[in-house]
Amino acid sequence: MSAAHGVPGGNAVLSARDLVKHYPARGTQRQQGSVVHAVDGVSFDIAANETLGLVGETGCGKSTVARLVTRLLEPTSGSISYGGQDITHWSRRRMRPLRREIQIVFQDPYSSLNPRRRISSIVGDPLRIHRLRTRSERRVRVEEVLRLVGLDPAHADRYPHQFSGGQRQRIGVARAIVTNPRLIVADEPVSALDVSIQAQVLNLIAELRREFGLALLFISHDVSVVRHVSDRIAVMYLGKIVEVATTDDLFSRPAHPYTAALLSAVPLARTTGTPRTHAPVIGEPPSPLSPPSGCRFRTRCPYAQQICADVEPPLERRAGSLVACHFPLDPGSSS
């Protein structure tokens, strides 16, 4: 089962199968019994020492996936396995020992750090909560991880407002790695940072992943950012994954029209001197309250035909990639 999603069977640290998350609609839509289809049948695997990038437009369900796999949200249906154990419906108490192994780096380095706590407390709290090490050993560990993320341990008694945005995100990374986790979910970790700082944080995350053999789910709306750190990339559209491929294959031979359009919209994604022939995505995504029948991208796809409205395309392996499309692109037509 794992091999179908890119990871040899038995080697996956994290496996998601057919994850679904629906929210009750608000206002008058709620009175009508409508639901928001935030995530609708997402499946993927992540192996140790691997980074899976999850990319898509704002509102496609990426952050909901992050909260589902870290069990901060309860799925409507589907399953989540960690280390071969099905943790889908574990209670908060049963999940507590796993929290040290599954950590998350949040998007906003300003709101994700408690402004009333010193950095030594923010980074050291996971050790205290999980009763790891003595007080003096925790202090040493905090200093150690601050050095790892490129911060001066002498500043451990400062408050978050005394650091820049990039430094705050490094503090968030330090907090995530202090318990030696096996899996880190990074949810848009550089989107709130200046471009000049983004590369530093991306290089830090990639270096820590290699050094500690972490499994990393890296979420972003920016395909060029995801390319920098990912071994494989999953492309998400309106609650569904439409393509999964290695980073090199995705950028050189996109198989789904949506993937090709995303790459064409980002000049930095061009890998050859030949201009891409696919037009960027136009128009707005449909509402998740009433997603289109069949292929959800068909309302914006130049190749859509009647079968795209009648039959939902399954995520199938074609030419080395997994793609959900009735009319996948010719591998040579994207460049």
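**View 1. Lining of the second largest cavity in the predicted model.** The lining residues divide into nine nonpolar, two polar and one charged. They are His256, Cys295, Phe297, Arg298, Cys301, Tyr303, Ala304, Cys308, Pro313, Cys325, His326 and Phe327. About 70 Å³ of space lies inside. The model is predicted.

**View 2. The largest cavity.** The model holds two cavities of 30 Å³ or more. The largest cavity encloses about 80 Å³. Its lining consists of Val105, Val173, Ile177, Ile184, Ala186, Ile205, Leu208, Arg209, Leu214 and Leu216. Helix 6, strand 7 and helix 7 (195–212) each give two or more residues to this lining. Helix 7 provides the largest share, three residues. By class, nine lining residues are nonpolar, none is polar and one is charged.

**View 3. The largest pocket, between two domains.** The volume of the largest pocket is about 590 Å³. Its lining has 22 residues; Arg99, Gln103, Pro126, Ile129 and His130 are the closest to the pocket centre. Two or more lining residues come from each of helix 3 (92–99), strand 6 (102–105), helix 4 (119–129) and helix 6 (165–177). The lining splits into 10 nonpolar, six polar and six charged residues. Why does the pocket lie between domain 1 and domain 2? Domain 1 (7–101 + 183–190 + 214–263 + 281–292) and domain 2 (107–180) both give residues to the lining, so the pocket lies between them.

**View 4. The sheet of eight strands.** This open sheet runs in the order 6-7-8-3-9-10-12-11, with mixed pairing. Strand 6 and strand 11 (316–318) are the edge strands, and each pairs on one side only. On average, neighbouring strands are turned by 20° against each other, direction ignored. Helix 2 (residues 62–69) packs on the sheet. Helix 2 touches strand 3 (51–55), strand 7 (183–187), strand 8 (215–220) and strand 9. The directions of helix 2 and strand 7 make about 155°.

**View 5. Pairing of strand 9 with strand 10.** Strand 9 (residues 232–237) and strand 10 (residues 240–246) run antiparallel, joined by six bridges. Isoleucine 233 sits opposite alanine 245 of strand 10.

**View 6. The sheet of four strands.** Here the open sheet has the order 2-1-4-5 and antiparallel pairing. Strand 2 (35–47) and strand 5 (85–86) form the edges, each pairing on one side only. Strand 1 (residues 12–24) runs antiparallel to strand 2, and 10 bridges join them. Tyrosine 23 has valine 36, in strand 2, as its bridge partner.

Notes: Residues are numbered from 1 along each chain as its sequence is written. This is a predicted model: local features need pLDDT of at least 70, side-chain atom pairs count only at pLDDT 80 or more; totals for chains, interfaces and linings use all residues. Side-chain values use heavy atoms; hydrogens and water are left out. On a 1 Å grid over the protein atoms alone, a cavity is a set of points where a 1.4 Å probe fits but cannot get out, and a pocket is an open set with protein on both sides within 12 Å along at least five of seven lines; lining residues have an atom within 4 Å of a point. Grid points are joined across faces, edges and corners, and a volume is the space filled by probe spheres set on the points. Ala, Val, Leu, Ile, Met, Phe, Trp, Tyr, Cys and Pro count as nonpolar, Asp, Glu, Lys and Arg as charged, and the others, Gly among them, as polar. Domain bounds come from an automatic or database domain assignment. Two strands pair if DSSP finds at least two bridges between them. Axes are lines fitted to C-alpha atoms, for helices over the stretch in contact, and angles run from 0 to 180 degrees between N-to-C directions. Contact means heavy atoms within 4.5 Å.
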